[in-house]
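Here is a short briefing on one protein chain. Keep the sequence and the 3D view open as you read.

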Amino acid sequence: MSDAPTPYPAAPYPAAPDRTTPDTRTPGPPRSPRAWRADVPVVAAVALGGALGASARYAAVLRWPAAADAFPWAVFWVNVTGCAVIGAFTVLVTEGTRAPHPLLRPFFGTGVLGGFTTFSAYALDVRRLHEAGEPLLALLHLAGTLTAAMAAVLLGSAAARRGLRARRRR
């Protein structure tokens, strides 16, 4: 056995206790290949939308990069903007007068907006700021993004509802 450290540290918590109660859940009926094929357009829509959304987010981060000890404005505004659009989009597809195309929500909601907004970059930026000796900036990014993103969802939803009401009155 080598004295070299392992690439992953040991878990700081004890192993899960052995469960003596048997798992009584029964799985549902197996899906037929035909049922799986029905999901292919949805999976493709999510994948295509995700590629577009993630590419747009990456372009924003390349356009407005942040130094290791600076506030990550690109990720902040991407998440806030994306949340405002999510709020408006959800209202429009659920409360609008026409039923949307069945692939619109998977493509735009889950794919584009899911790829555009990003928890991973947000979390990595918080960690990066903390490790750069900027714990207050890290905390500001952590709390500020969450607060601004939630407010953006509410404002986007309210704006879409206001727009739908105005359209219905005409």
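## Briefing: rings, helices and two residues

Phe-71, Trp-73, Phe-76 and Trp-77 form one aromatic cluster. The model is predicted. The chain has five helices and zero strands.

**The whole chain**

- From the N terminus on, the order of elements reads α-α-α-α-α.
- The chain has 170 residues, and 25% of them are buried.
- Take the contacts between residues at least 6 apart in sequence: 77% of these join residues at least 24 apart.
- The chain exposes about 12,400 Å². Carbon and sulfur atoms supply 67% of that area.

**Aromatic rings**

- The count of aromatic pairs comes to six.
- One pair is Trp-73 with Phe-76: the ring centres are 5.6 Å apart and the planes meet at 85°, so the pair is edge-to-face. The cut-off for that label is an angle over 60 degrees.
- A pair of aromatic rings is described by two things: the distance of the centres and the angle of the planes.
- Trp-73 and Phe-76 both sit in helix H2. They are three residues apart, which is about one turn of the helix.
- Is each partner buried or partly exposed? Trp-73 is partly exposed, because its relative accessible area is 48%. Phe-76 has 9% relative accessibility, so Phe-76 counts as buried. Buried means under 20%.

**Helix H2**

- Helix H2 covers residues 73-95, which is 23 residues.
- How far apart should its ends be, at 1.5 Å a residue? The expected span is 33 Å, and the end C-alpha atoms are 33 Å apart, so the two values agree.
- The buried residues in H2 include Ala-74, Val-75, Phe-76 and Val-78. Gly-82, Cys-83 and Gly-87 are also among them, as are Phe-89, Val-91 and Val-93.

**Helix H5**

- Helix H5 covers residues 135-169, which is 35 residues.
- The same check at 1.5 Å a residue gives 51 Å for H5, and its end C-alpha atoms are 51 Å apart, so expectation and model agree.
- Buried residues of H5 include Ala-138, His-141, Thr-145 and Ala-149. Ala-152, Gly-156, Ser-157, Ala-160 and Leu-164 are buried too.
- What covers these buried residues? The cover includes H2 and helix H4 (119-131).

**Ser-157, a buried residue of H5**

- Ser-157 lies in helix H5.
- Ser-157 is buried, because its relative accessible area is 11%, and the cut-off is under 20%.
- Which backbone atom does the side chain of Ser-157 reach? It is the backbone oxygen of Val-153, at 2.9 Å.
- Leaving out residues up to four places away in sequence, Ser-157 touches Gly-87, Ala-88 and Val-91. Of these, Gly-87 and Val-91 are among the buried residues of H2.

**Ala-132, a loop residue**

- Where is Ala-132? Its place is in the loop between H4 and H5.
- Ala-132 is partly exposed, because its relative accessible area is 34%. Partly exposed lies between the 20% and 50% cut-offs.
- Ala-132 and Ala-67 are 65 residues apart along the chain. Their C-alpha atoms are separated by 9.8 Å.
- Ala-132 touches Ala-68 and Asp-69, again not counting residues up to four places away in sequence.

Notes: Residues numbered from 1 in each chain as written. Predicted model: local features only at pLDDT ≥ 70, side-chain atom pairs only at ≥ 80, totals over all residues. Heavy atoms only, no water. Helix = DSSP H or I, 4+ residues; strand = E, 2+ residues; numbered from the N terminus. Expected span 1.5 Å × (residues − 1). Buried < 20%, exposed > 50% of the residue type's maximum accessible area, 1.4 Å probe, protein only. Contact = heavy atoms within 4.5 Å. Polar contact = N/O pair within 3.5 Å; in protein donor to acceptor, adjacent residues only side chain to side chain. Phe/Tyr/Trp six-rings, centres within 6.5 Å; stacked < 30°, edge-to-face > 60°. Areas by Shrake-Rupley, 256 points an atom, 1.4 Å probe, with all protein chains shown as cover.
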